[in-house]
4 protein chains.
Amino acid sequence: MGKILVLYFSESGNTRKVAECVGEGAKEVDGAEVRLRSVSEATAEDVLWCDGIALGSPTHMGSIPWEMKQFWDVKMQPHWGKIDGKIGCAFATQGGWGGGAELNCQALMTVMMNYGFLVFGVTDYVAQQFTLHYGATIAGEPRSERELDSPKRLGRRLSEWVATYIDGKKEEHPLVNGRTRFPWPRD
Amino acid sequence: MGKILVLYFSESGNTRKVAECVGEGAKEVDGAEVRLRSVSEATAEDVLWCDGIALGSPTHMGSIPWEMKQFWDVKMQPHWGKIDGKIGCAFATQGGWGGGAELNCQALMTVMMNYGFLVFGVTDYVAQQFTLHYGATIAGEPRSERELDSPKRLGRRLSEWVATYIDGKKEEHPLVNGRTRFPWPRD
Amino acid sequence: MGKILVLYFSESGNTRKVAECVGEGAKEVDGAEVRLRSVSEATAEDVLWCDGIALGSPTHMGSIPWEMKQFWDVKMQPHWGKIDGKIGCAFATQGGWGGGAELNCQALMTVMMNYGFLVFGVTDYVAQQFTLHYGATIAGEPRSERELDSPKRLGRRLSEWVATYIDGKKEEHPLVNGRTRFPWPRD
Amino acid sequence: MGKILVLYFSESGNTRKVAECVGEGAKEVDGAEVRLRSVSEATAEDVLWCDGIALGSPTHMGSIPWEMKQFWDVKMQPHWGKIDGKIGCAFATQGGWGGGAELNCQALMTVMMNYGFLVFGVTDYVAQQFTLHYGATIAGEPRSERELDSPKRLGRRLSEWVATYIDGKKEEHPLVNGRTRFPWPRD
């Protein structure tokens, strides 16, 4: 059974809402067990427990907020080099489009790569002109259908990779599991 | 007089339209002289001529299209190390929001930094939830007012920095020139 | 059996030498089948064939050389969205330390993420003050033992992840397979 | 007179040593006034005071340590949008080569761009195979001549750009001031 951790930092509540969508999406794959944790409540044990992790935060000054970074610099530091091989992905909110959420996702994935995780983005489009190639990015509060679907898709893909690669359920591979990936017909 | 080069690659015409907005914005500063060039028509002389450059392209596979990269790898290579100190910024189109335009702008700015240019983003918001902190980013064709205003603001800021720093017109500094920077009142 | 592609671009021959080390390292895992291909000889079929890919190039102007980017923009484009889930990593040469090889590896991994691959770096140190956290990076020609060991470790790790996750050989996981990871004793 | 702030975080003392080199280099330009401050002693006033800033830190988990990020997220936040146009650059230490110092410099420059600063790297080589194209990067303690020269060059270039662009001393432009830029003859 895939163990999925959704670990987030949220100030205004926007990123928490996005995190909840990620958690919902993760549950779309049978057998996925999901923990939703804010960085203030999370412990190193939560990270040790999981097979897959979705890491998310608002974009502060173009990068990871210090509160989220502190978790990885301090709480997780004793485990560095001993937890390689988890599967990771990122999500981020931002004040406006063009506000750095992609760069923040990139920074979050760099932290996960530093810990030896395998990180990914999602090729799928959840709507016309709305994708999550390097993680789910949202401006402000997620409200529209596409803004809710994007983090759900991230969570679903995380569970799909964990099922496929950690649990050996090859039928869950996104190229063969039959779930919708694009809002247009594909050959 | 500030010499501004808007250098772009465009396949579908979307990035060309964004480039035209950048050029328009650049002309908002008195005395700015603007050249708009596609990479296929541009020569090294265009880059040598300019004081400030806005570099833009679609986002292909998360980064700079090879056609734009080839210009800097091949045509500009003989001038490397001899054109330091120009002022640069970036703009990018993408297939959808979350599609990598910020990462593409970052890559374009890395190329410019490699050439010794000083690069910048724009703190301004052109509308609620629409900014260009690391360059102007657009999904698909620019149509709405905010999508047209964002690259215009980039061009204006480029001309403002060139006027302030290259031409010594300190009254053009964006903190003192009195032009609108935010869609809300500021103290 | 893990199918590993080492795909590189090389001008001076330095990156080809690094690529050969990556290929050597990949073979350290039993059953790994390795293809070494330059971008000029590689075809889309080589990428389709592989389970894991190591992608490498010199650092030109801080990023991916146009010749390597062209391969992914043009030759691979028809396969976009249909080859998700491969495991990828990067290596890069540069003119000198501080010359952008890490940024180049990051850009190469961004391209692979765009294609839906899971990408990773390596926590291991191959010597005191020599690691490959975001891919193997070398300045100039690889000559010293640590410069040869770094790309070998990258290749070995790639084969280890492919064995563990694609072939289901959990005993090949780097945390349990008993191979050396650090040049100092670990608790 | 150019006002230069060297702002650093240091745990082991290595980054402090690099910061001192940056400060030394900054003084090579006549009239430069240099403040060296750790993040724990620095105040927002120090940043407001300066024309140019060199920002440096160790590389923790591939990115900016939380202590440095906190300074920009919290202490500087009230000044966001009001201090645009300063000239900035970055330096970073790391546990080993390939350990993320370039990515850390990139992240530090992203923070500065978020504040509206113009950021740069240095085209110069300070020795064969040793450069600072995206900021000065050092593994461990700076000891060798090239490791000391690289941050000095960064500081000197910062003062040169501040002199040229903020103080209007065009004779200090690195392309014309006659100071050595490369360890080999140039045409």
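Me: What rotation superposes chain D on chain C, and with how much shift along its axis?

Reply: In this predicted model, a rotation of 180° with 0.0 Å of shift along its axis brings chain D onto chain C, at an RMSD of 0.0 Å. How the two copies meet can then be read from their interface residues. Of the interface residues of chain D, 100% are also interface residues in chain C, so these copies meet through the same surface.

Me: How many residues of chain D are in contact with chain C, and which elements supply them?

Reply: An interface may be described by its contacts, its elements and its residue classes. Here 22 residues of chain D are in contact with 22 residues of chain C. On the chain D side, two or more residues come from each of helix 4 (101–114), strand 7 (130–132) and strand 8 (136–139). By class, that side divides into 8 nonpolar, 13 polar and 1 charged residues.

Me: How many residues of chain B are in contact with chain D, and which elements give two or more of them?

Reply: The same reading applies to this pair. There are 21 residues of chain B in contact with 21 residues of chain D. Helix 4 (101–114), strand 5 (118–119) and helix 5 (145–166) of chain B each give two or more residues to this side. Its classes are 10 nonpolar, 9 polar and 2 charged residues.

Me: What operation relates chain B to chain D, and which C-alpha of chain B is nearest the axis?

Reply: Both the angle and the shift have to be considered. Chain B superposes on chain D through a rotation of 180° with 0.0 Å of shift along its axis, and the RMSD is 0.0 Å. The two copies are thus related as by a two-fold rotation axis. In chain B, the C-alpha of Tyr165(B) is nearest that axis, at 2.3 Å. As for the interface, 100% of the interface residues of chain B are also interface residues in chain D, so the copies meet through the same surface.

Me: What is the pattern of helices and strands along a single chain, such as chain A?

Reply: One lists the elements in sequence order. Chain A has 5 helices and 8 strands, and their order is β-α-β-α-β-α-β-α-β-β-β-β-α. Its radius of gyration is 15 Å, close to the 16 Å given by the globule rule for 187 residues, so chain A is as compact as a globular protein of that length. Its C-alpha atoms fill a box of roughly 50 × 40 × 20 Å along the principal axes. Of the 187 residues, 63% count as buried. Among contacts between residues at least 6 apart in sequence, 74% join residues at least 24 apart.

Me: Why can helix 4 of chain A be called largely enclosed?

Reply: Burial is counted residue by residue. In helix 4 of chain A, 14 of the 14 residues are buried, so the helix is largely enclosed by the rest of the structure. Its length can be checked as well: at 1.5 Å a residue, residues 101–114 should span 20 Å, and the end C-alpha atoms are 20 Å apart, which agrees. Just after this helix, Gly116(A) takes a positive phi of about 85°.

Me: What confidence scores accompany chain A and the model?

Reply: Where pLDDT is low, predicted coordinates should not be read in detail. For chain A the mean pLDDT is 97, and 99% of its residues reach 70 or more. The model scores ipTM 0.98 and pTM 0.98.

Terms used:
Residues numbered from 1 in each chain as written. Chains lettered and ligands numbered in written order. Predicted model: local features only at pLDDT ≥ 70, side-chain atom pairs only at ≥ 80, totals over all residues. Contact = placed C-beta atoms within 7 Å. Helix = DSSP H or I, 4+ residues; strand = E, 2+ residues; numbered from the N terminus. Nonpolar A, V, L, I, M, F, W, Y, C, P; charged D, E, K, R; others polar. Least-squares fit on C-alpha atoms with pLDDT ≥ 70 in both. Rg over C-alpha atoms; globule rule 2.2 N^0.38 Å. Buried ≥ 20, exposed ≤ 12 C-beta atoms within 10 Å, placed from the backbone. pLDDT = per-residue confidence, 0-100. Expected span 1.5 Å × (residues − 1).
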